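Here's a quick briefing to read with the structure open beside you. Have a look at the fold, then work through the points by topic.

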Amino acid sequence: MTQDELKDAVAKAAIDEIKPHLERSTVIGVGTGSTANRFIDYLARLSGDFKGAVASSAASAERLKTHGIDVFELNEVGTVPFYIDGADEVNAHLHMIKGGGAALTREKIVAACAERFICIADASKYVAQLGRFPLPVEVIPMARSYVARQLVKLGADPVYREGVVTDNGNQIIDCYDFMIEDAEAMEAKINAIVGVVTNGLFAARGADVLLLGKKEGVERTA
Ligand code: 5RP
């Protein structure tokens, strides 16, 4: 199976996971990226079975609306029963690196408001140790150089993701050569640097369910 087919399989599996719990009043948290996009496309087929969605990016909001799915502000909704999103890396603790698509902050906010975070990923994303994928850090633009210097002190090789402005008007630094031993501790340490909005480690609030697309089928871990 190709990576695209595996992404497709986990998107469908996420639909099967949430379908029995949908009510006409349900608002679903929806993530960002190519795997989340497939989920959105399948979700559109269930229109009428749920109320709408909260999106973790302008791009996902646009895709949802294109399918005729109502998009709500998180502040109107409060909590969502499910948040479905992809990952750049995920480990056995269901800790993740996210933010390859620069949507990490909104993703973390929607995840924080979700009763259940369902991570959908193809097998290439599963790792023994987080960090081969460069860890994204969203920064307030004027703090970029300062934050980069602090990231060097933590052992990273920070690289400014040129030309990218987040939905929040901020910039992204990617941390290369930065294998992570203790994801929760590193998440907190980076977030404590002045000028950091958030970093792409999702460990304090990891996933509750992982649907991992393998050539043998979708493996569910909870
Ligand atoms: C976007 C993300 C995505 O979830 C992550 O990059 C995975 O994307 P894809 O499903 O395209 O591989 O965190 O900010």
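Let's start in strand β3, where Y83 has G29 standing opposite. That pairing belongs to the contact between β1 and β3, which run parallel and are joined by two bridges. Keep in mind as you read that this is a predicted model.

**The six-stranded sheet**

- β1 and β3 are part of an open sheet of six strands, and the order across it is β2-β1-β3-β6-β12-β13. The pairing in this sheet is mixed.
- The edges are β2 (52-55) and β13 (217-221), each of which pairs on one side only.
- On average, neighbouring strands here are turned by 20 degrees against each other, direction ignored.
- On to the partner of β3 in the other direction of that order: β3 (residues 80-85) and β6 (residues 114-122) run parallel, with five bridges between them.
- Two pairs let you line these strands up on screen: V80 stands opposite A114 in β6, and F82 has R116 of β6 as its bridge partner.
- As general background, strands in a sheet pair through backbone hydrogen bonds, in either a parallel or an antiparallel way.

**What covers β3**

- Is β3 mostly covered or mostly open? It's mostly covered, with five of its six residues buried.
- Helix α5 (residues 104-112) lies across β1 (27-30), β2, β3 and β6. Its direction makes an angle of about 145 degrees with β3.

**The smaller sheet**

- There's also an open sheet of three strands, ordered β4-β5-β11, and its pairing is antiparallel.
- β4 and β11 (201-202) are the edge strands here, each pairing on one side only.
- β5 and β11 run antiparallel and are joined by two bridges. To find the spot, look for I97, which stands opposite L201 in β11.

**Salt bridges**

- How many salt bridges does a search of the whole structure find? The count is 14.
- One of them ties β3 to a loop: K98 pairs with D85, and their closest N and O atoms are 2.8 Å apart. K98 sits in the loop between β5 (96-97) and α5, while D85 is in strand β3, so to speak a link between distant parts of the chain, 13 residues apart. K98 and D85 are both buried.
- Helix α5 has a salt bridge as well, with the side chains of K108 and E187 meeting at 2.8 Å, N to O. K108 is in helix α5 and E187 in helix α7 (residues 183-191), which puts the partners 79 residues apart. Both E187 and K108 are buried.
- R205 and D208 also meet through their side chains in a salt bridge, at 3.0 Å from N to O. R205 counts as partly exposed because its relative accessibility is 23%. D208 gets that label too, because its relative accessibility is 29%.
- Elsewhere, D4, D8, K12 and R38 are joined into one network by salt bridges that share partners.
- The general idea behind these pairs is that side chains of opposite charge can pair when their charged atoms come close.

**Positive phi in two loops**

- L94 isn't a glycine, yet its phi is positive, near 65 degrees. You'll find L94 in the loop between β4 (89-90) and β5. L94 counts as buried because its relative accessibility is 6%.
- A102 is another non-glycine residue with a positive phi, about 70 degrees. A102 is in the loop between β5 and α5. Why does A102 count as buried? Its relative accessible area is 11%, and the cut-off for buried is under 20%.

**A nonpolar patch on the surface**

- Which residues make the nonpolar surface patch of about 310 Å²? They are I140, M142 and V197.
- M142 lies in the loop between β7 (135-139) and α6 (144-153). With a relative accessibility of 81%, M142 counts as exposed.

Notes. Residues are numbered from 1 along each chain as its sequence is written. This is a predicted model: local features need pLDDT of at least 70, side-chain atom pairs count only at pLDDT 80 or more; totals for chains, interfaces and linings use all residues. Side-chain values use heavy atoms; hydrogens and water are left out. Two strands pair if DSSP finds at least two bridges between them. Helices (H or I, at least four residues) and strands (E, at least two) are DSSP runs, numbered from the N terminus. Axes are lines fitted to C-alpha atoms, for helices over the stretch in contact, and angles run from 0 to 180 degrees between N-to-C directions. Contact means heavy atoms within 4.5 Å. Buried means under 20% relative accessible area, exposed over 50%, partly exposed in between (1.4 Å probe, protein chains only). Patches are made of residues with over 30% relative accessible area and no salt bridge: like charges are joined within 9 Å, nonpolar side chains (Val, Leu, Ile, Met, Phe, Trp, Tyr) within 5 Å. Accessible areas come from the Shrake-Rupley method with a 1.4 Å probe; for residues, only the protein chains shown count as cover. A salt bridge is a side-chain nitrogen of Lys or Arg within 4 Å of a carboxyl oxygen of Asp or Glu.
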